[in-house]
Amino acid sequence: MSLTGQPSPRLPGPDRSAPPPIGVLGPTNTGKTHYAIERMLAHRSGMIGLPLRLLAREVYDRIVERRGARDVALITGEEKITPPSPRYWVCTVEAMPLDHEVEFMAVDEIQLAADLERGRVFTSRLLYARGTAETLFLGSETMRPILRSLFSPIRFLSRERFSSLTYAGPKKVTRLPRRSAVVGFSSDTVYAVAELIRRQRGGAAVILGALSPRTRNAQAALYQSGEVDYLVATDAIGMGLNMDIDHVAFASRRKFDGYARRPLRHDELAQIAGRAGRHMREGTFGVTADCPPFEDEAVAAIEEHEFDPVRAVQWRSEQLDFSSVRALSHSLDQPSPRIELKRAPPGEDELAFHRLAAQEEIARIATGGAALSLLWEVCQIPDFRKTAPDAHARLLADIYKQIVSESRIKSDWLEPRLASLDRTDGDIDAISARIAHVRTWTYLSHRSAWLENAAYWQEKARAVEDSLSDALHEKLTQRFVDRRTSVLMKKLKDDEPLLAGVTDDGEVIVEGQFVGRLLGFEFIVDPRARGLDAKRMRAAADQALASVLAVRAAALANATNDELTLRADGALLWRGAQVARLIKGPTPLRPEIVLSGVDAVSPHLRGRIKDRLTSFLASRVEILLGDLIALTHAVNSTDADGLGSLARGVAFRLLENFGAMSRAQFGDELKQLDQNERGKLRKLGVRFGEYTLYMPSLLKPAPARLLTLLWALWSGRNAADFEPPKAGLVSLAADNDLPHAYYYASGYRPSGTRAVRIDMLERLAGQIRSERKDGAYRGGFEASPQMMSLVGCSGEDFESILGSLGYRKQSIRIPVAANGEPAKNDTASEQSPPDSGGPAAEQDISPHDDGATVDPAQSSPDATPADSSTNADCAAPQSAAIAADSAGENESPAAIRAEREVVIWRLAPRKPPRSKHRPVRPERGAGASKTKAGAPGREARPRKFDRPRAGGPPPKPHSIRPQHRKVADPNSPFAVLAGLKDELVKSKTADKKPEKAN
């Protein structure tokens, strides 16, 4: 019946004498397409219309394999392969050349006749596409009622699904099983899911409707080959693509159909879900991401393949009138002749035609006939770019005007437009946009009658599109496929042996993919890997490197000393990579060795490795610290000719302090050593310095580094925090936060603000001793540049070193002659008084200490420099006065021009040891003078507090507390001599009195 209730008019169509069509109906995975191909090849000629270019190419390749390329033609909107006399035609439904007569005709996925956008084309093929011997309509069971209504007679052939399809419920994207396809309905959704799968599961292939056929083929091959186990796509996969999919997960259930966003019908969901479980494998479907779970009604409909039948299909009149623009518009607007045929919404071609016909210039040209027919053909160029309708209309207008004015599209008009697209830079969206533009020119190039040199432009457009498609495929792969993770996951899942290798620089390559580095025996995963990726790479490396580590372990167990290195932080290196580290051991010179990263090595090899490293470490200690080892043996020796108890104690303390120790810490022990014991210690490499006992062989850079490390380990400190001083430094800034033991172990002695290398400090002490003995200032010395160069510093740092050695500086003035030279006797006049610090200090030089003097701070308290220089502070003024008097006796006043100030250094006075009883001070009366004990009759210098202050009141009298006077022994020799002296004085006095009386 028609829409008006009248009997349905007769539809124009193929020859009614042709055999009735056959409806091959059933759900997905029933082999309908395969059945149609077999039936076509059973005839001498045939044509099959398929819903997708990708599927058309797949079928074309299958038929070419069986019949050869000369007998098969491929016709799509953008690709045409037409041999001279093809027998079989594989086409997209829109591109089917119905003017060719064939014995067999088939149209696939006929349920798309109900689609608002493409339905009118499928309806047209249902009505007009016929084979002379056999016609097959392939599609869903929902088309049975409308096919029976449209065609009478018609036969039906039902096909059952090869495998079952069941609902698996919701799953997280990261929990989806292998060989899953995730379906979304926008590029944003597809990209987001693909990125998540790449991070968590190694990567996914991406298929969108906007991709070029070449790019989609490449992405499909990426999935089919097993390089990736996941496919993220739009509903493009639901149209006959035969792929090995076990599970289909919907990331969304709403799509934009060109007019509005709407939920998918049950039959549409089933068409997509049916891609799971190809041939005899069971398939599952479910939801993921933010998609809500399916309702029970939808699950039952999909599993049982029970859907509402199609009531109407889209239709547009095929009887067009080209006599005028109005007549063509009227013929396009013809109402449907039957109730089963629903007038389709205006398509892109129809809308473009109305826009172009409204332009005055085009309306003047396309008045009817061939010009109007050409305009309609131009309007059927698809809008691959998906731009605004006006933009597409402007492009079509330019093409139409070119053809009308020039008879063909000129090359100089097409070349710049195509050349601007021939570049592969940019991101995925930029390259996709260029491909969409190129597809327009590719489609146009196959209209040979429209183009100048069409064959050239077909090749040119195809080359540009292929180049962009390859670039897009590479961009998609780079962004959404982690080849390394996908390969490793596949191998691990299949439990296959992994092919691994290690390059010379330690890069670990597993199955051709870089997974990390092997440093010694420790695998360092690629730092770019995160989370699960890192865990998978480590698992793959552990499995693949077992044999490699065994070979390395054997090589290390037989390594030479040249291949091994001991680093300053305690790490043991083999071929530049750490294989062990040192920790505190039973003795300072025997640290323990802890192996690194050898857990995967057998216990036998681990033992061999530890033995080899222990031997290497022992040889290093013996070579670099030979004197210290010899001293250890001497301490532990029981030989009767060995060290005595005192010498053994000194040696033991040196060992405890890693070969260097301040003399002050020994107290009286060194003084009690006889020359024989000292000689034994010297033979063992011990040097008795003025300030330090040390072993010169340990001050070299290599032994010093090793000793610093051993000290840090023995003291329980982190060796990395105590790097030894750089080789060649004679001094360095002292850090108060570092213990003095660290500096002594490194071969340095803390001295003021600096730490000075021990041997250089002793050289400085020797030069000072020489200056004090033979220099211009007896008992004192003037700092010289040579002294400063010995310790590598000057100024305040050098003064702090001298201060730490017990010296204090003094400023004195000496006369200078008129010629600028020191006046005569100015050096001789600098004679220290008998109780100054100079000569007395020299009495402590020991001829048994290699010419070195005993440290004043450590020598006998009976005769220390401090005791002999208690009046050093008053020596300088007296010396200056004596110098002036001497100069006056030898020089005329005119010869003395000036005086100069000189800074000299003297040993600082030290306070005598305090006794329990203070000495008794003699009582003084008015005008009495203080006399020094042991010097009767000599006037002593008044004390500071007895001197009158200039301009001030006289000093206050001091109260002197009674003190105990020590009574001399009358029987001592000194008392006897004193008595004789007194008698002699008395006798002389008695002799003089008579003479005076006379």
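Contact here means heavy atoms within 4.5 Å. The structure described is a predicted model.

**Surroundings of Arg253**

Arg253 lies in the loop between β13 (247-250) and β14 (254-256). Setting aside residues up to four places away in sequence, Arg253 touches Phe185, Arg262, Pro263, Leu264, Leu269, Cys291, Pro292, Pro293, Phe294 and Glu295. Arg253 counts as buried because its relative accessibility is 15%, and buried means under 20%. Two of these neighbours, Pro293 and Glu295, also appear in the polar pairings of the Arg253 side chain, as tabulated below.

| Group of Arg253 | Partner group | Distance |
|---|---|---|
| Arg253 side chain | Pro293 backbone oxygen | 3.4 Å |
| Arg253 side chain | Glu295 side chain | 3.0 Å |

**Surroundings of Pro20**

Pro20 belongs to the segment before β1 (22-25). With a relative accessible area of 34%, Pro20 is partly exposed. Beyond its neighbours within four places in sequence, Pro20 is in contact with Pro153 and Ile154. Pro20 and Arg130 are 110 residues apart along the chain, yet a distance of 9.0 Å separates their C-alpha atoms.

**Nonpolar cores**

In soluble globular proteins, nonpolar side chains tend to be buried together. The largest nonpolar core in this model comprises 73 residues, of which Phe521, Leu556, Leu613, Leu625, Leu631 and Leu681 touch the most other members. Apart from the largest core lies another, of 62 residues, including Tyr400, Trp450, Val464 and Ala471. Leu631, when residues up to four places away in sequence are not counted, touches Ala651, Leu654, Leu655, Leu681, Leu684, Val686 and Met695.

How values were computed:
Residues are numbered from 1 along each chain as its sequence is written. This is a predicted model: local features need pLDDT of at least 70, side-chain atom pairs count only at pLDDT 80 or more; totals for chains, interfaces and linings use all residues. Side-chain values use heavy atoms; hydrogens and water are left out. Helices (H or I, at least four residues) and strands (E, at least two) are DSSP runs, numbered from the N terminus. Buried means under 20% relative accessible area, exposed over 50%, partly exposed in between (1.4 Å probe, protein chains only). A nonpolar core is a set of buried Ala, Val, Leu, Ile, Met, Phe, Trp, Tyr and Cys residues joined through side-chain atoms within 4.5 Å. A polar contact is a pair of N or O atoms within 3.5 Å; within protein, one must be able to donate a hydrogen and the other to accept it, and residues adjacent in sequence count only if both atoms are side-chain atoms.
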